[in-house]
Amino acid sequence: MEFTKGHGTGNDFVVLPDPDGTLDLTPGLVAALCDRRRGLGGDGVLRVVRAAKHPDGVALAGEAEWFMDYWNSDGSFAEMCGNGARVFVRYLLATGLATPTGGTLPVATRAGLVRARVDGDTIAVEMRRPRLYDASSAVLGGLTLPGTAVDVGNPHLVCALPAGIDLADLDLTRAPEFDPRVFPHGVNVEFTAPADPVDGTDDHVLMRVYERGSAETLSCGTGACAVAAVALRDATRDTGVVAVDVPGGRLTVTVTADSCWLAGPAVLVATGTLTLP
Ligand SMILES: N[C@@H](CCC[C@H](N)C(=O)O)C(=O)O
């Protein structure tokens with residue numbers, strides 16, 4: 001089986017072309033592929049399948065040719081992956097499987113249709129506007145951190161660190177605890193700290209993330225969108241541009257009245273042939 005490895009700000013994926021949806025992708029196979037010592041290694045798998053050929057994509061087949069079948073590294077599904085969508089589009093373009101029309105390329109996902117725009121090394125995807133819906137908290141190393149629940153198609157909990165606690169000092173080798181009544185299907189937890197202004201943006205935030213199904217990653221695109229929406233709310237703004245620095249680089253999030261653009265680099269690093277176990 002052919003594979004490609006790619007990443008967006010260090011959030012890395014095994015890309016599997018399966019245009020006709022014939023691959024028997026199982027949670028065990030996904031976990032084995034993502035194993036960093038015994039497999040190819042990755043935060044997740046992106047199966048590239050025609051929307052018409054996947055039960056979760058078929059409803060959008062009239063609007064997008066390709067469906068992003070995203071899996072976390074533990075073998076669970078997620079509704080949406082912002083960095084994954086950007087890498088997915090890079091793959092479609094590099095392989096000639098799709099070309100933008102009128103500057104944009106639609107992709108079907110479990111969270112609905114996203115649109116991509118390509119500008120050199122940068123790929124931006126337009127997703128739904130993040131919805132802030134509840135106050136909740138995470139517990140990490142005995143410390144309770146208040147936060148905001150945000151729906152970006154997938155669930156997020158954004159927690160600002162109190163003064164005196166350094167983002168770099170957080171121990172994210174263990175999962176933060178969260179309230180399962182607010183997040184019955186689990187949650188991605190973002191920890192944030194303010195940063196110095198960046199030209200051309202309205203706000204600048206530092207972020208680390210513990211992802212549902214993938215543990216700590218170097219970046220999370222939907223997480224960055226959630227963080228940007230909370231930063232704008234805290235600045236009593238409804239829309240704006242926020243630079244979000246993650247351990248793997250910088251993402252730029254533009255929240256508009258009705259959507260959210262996530263922009264950053266998306267890179268393919270290797271292709272090869274995989275012998276399935
Ligand atoms: N890294 C992704 C999010 C992947 C899904 C997430 N772990 C979940 O289970 O919701 C991103 O870039 O958005």
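## Glu211 and Asn188

Glu211 is in contact with Asn188, Thr217 and Cys220, leaving aside its neighbours within four places in sequence. The residue lies in strand S12, residues 203-211. The model is a predicted one. In it, Glu211 has 29 C-beta neighbours inside 10 Å. The cut-off for burial is 20 or more, so Glu211 counts as buried.

Asn188 lies in strand S11, residues 188-194. With 26 C-beta neighbours inside 10 Å, Asn188 also counts as buried. Its contacts, again without neighbours within four places in sequence, are Asn154, Pro155, His156, Val209, Glu211, Arg212, Cys220 and Gly223.

UniProt, in an unreviewed entry, lists a "binding site" feature. Asn188 and Glu211 are among its positions. The others in that record are Asn11, Asn72, Gly82, Asn83, Asn154, Arg212, Gly221 and Thr222.

## The two annotated cysteines

The "active site" feature in UniProt, from an unreviewed entry, falls at Cys81 and Cys220. These positions are spread over 140 residues of sequence, yet they cluster in space. The largest C-alpha distance is 7.7 Å.

Cys81 sits in the loop between strand S4 (66-72) and helix H2. It is buried, with 31 other C-beta atoms within 10 Å. Cys81 touches Gly44, Tyr70, Gly221 and Thr222, not counting residues up to four places away in sequence. Gly221 and Thr222 also appear in the "binding site" record from UniProt.

Cys220 sits in the loop between strand S13 (215-217) and helix H3. It has 36 C-beta neighbours inside 10 Å and counts as buried. Beyond its neighbours within four places in sequence, Cys220 is in contact with Asn11, Asn83, Asn188, Val209 and Glu211. Of these, Asn11, Asn83, Asn188 and Glu211 carry the "binding site" annotation in UniProt.

## Helix H2

H2 covers residues 82-95. Its 14 residues should span 20 Å at 1.5 Å a residue. The end C-alpha atoms are 20 Å apart, which agrees.

Of the 14 residues, 11 are buried, so H2 is largely enclosed by the rest of the structure. The buried residues are Gly82, Asn83, Gly84, Ala85, Arg86, Val87, Phe88, Val89, Arg90, Tyr91 and Leu92. Just after the helix, Gly96 takes a positive phi of about 75 degrees.

## H2 against H3

Two packed helices are described by the angle between their axes and the distance between the axes. Here the partner of H2 is H3, residues 221-234. The two axes come within 5 Å and cross at roughly 130 degrees. That makes H2 oblique to H3.

On the H2 side, the contact uses Gly82, Asn83 and Arg86. On the H3 side, it uses Gly221, Thr222, Ala224 and Cys225. By class, the contact has two nonpolar, four polar and one charged residues. Gly82, Asn83, Gly221 and Thr222 are also listed by UniProt under "binding site".

## Ala78 in the loop before H2

Ala78 lies in the loop between S4 and H2. Cys81 is placed in the loop between S4 and H2 as well. Ala78 counts as buried, with 24 C-beta neighbours inside 10 Å.

Ala78 touches Tyr70, Asn72, Asn154 and Gly213, not counting residues up to four places away in sequence. Asn72 and Asn154 belong to the "binding site" positions in UniProt. Tyr70 is also touched by Cys81. Leu170 is 92 residues from Ala78 along the chain, and their C-alpha atoms are separated by 25 Å.

Technical notes. Residues are numbered from 1 along each chain as its sequence is written. This is a predicted model: local features need pLDDT of at least 70, side-chain atom pairs count only at pLDDT 80 or more; totals for chains, interfaces and linings use all residues. Helices (H or I, at least four residues) and strands (E, at least two) are DSSP runs, numbered from the N terminus. The expected span of a helix is 1.5 Å times one less than its number of residues. A residue is buried if 20 or more other C-beta atoms lie within 10 Å of its own, exposed if 12 or fewer, and partly exposed in between; C-beta atoms are placed from the backbone. Axes are lines fitted to C-alpha atoms, for helices over the stretch in contact, and angles run from 0 to 180 degrees between N-to-C directions. Angles under 35 degrees count as roughly parallel, over 145 as roughly antiparallel, 65 to 115 as roughly perpendicular and the rest as oblique. Two residues are in contact if their C-beta atoms, placed from the backbone, lie within 7 Å. Ala, Val, Leu, Ile, Met, Phe, Trp, Tyr, Cys and Pro count as nonpolar, Asp, Glu, Lys and Arg as charged, and the others, Gly among them, as polar. UniProt positions are given in the numbering used here, feature names are shortened, and annotations may be inferred rather than shown by experiment.
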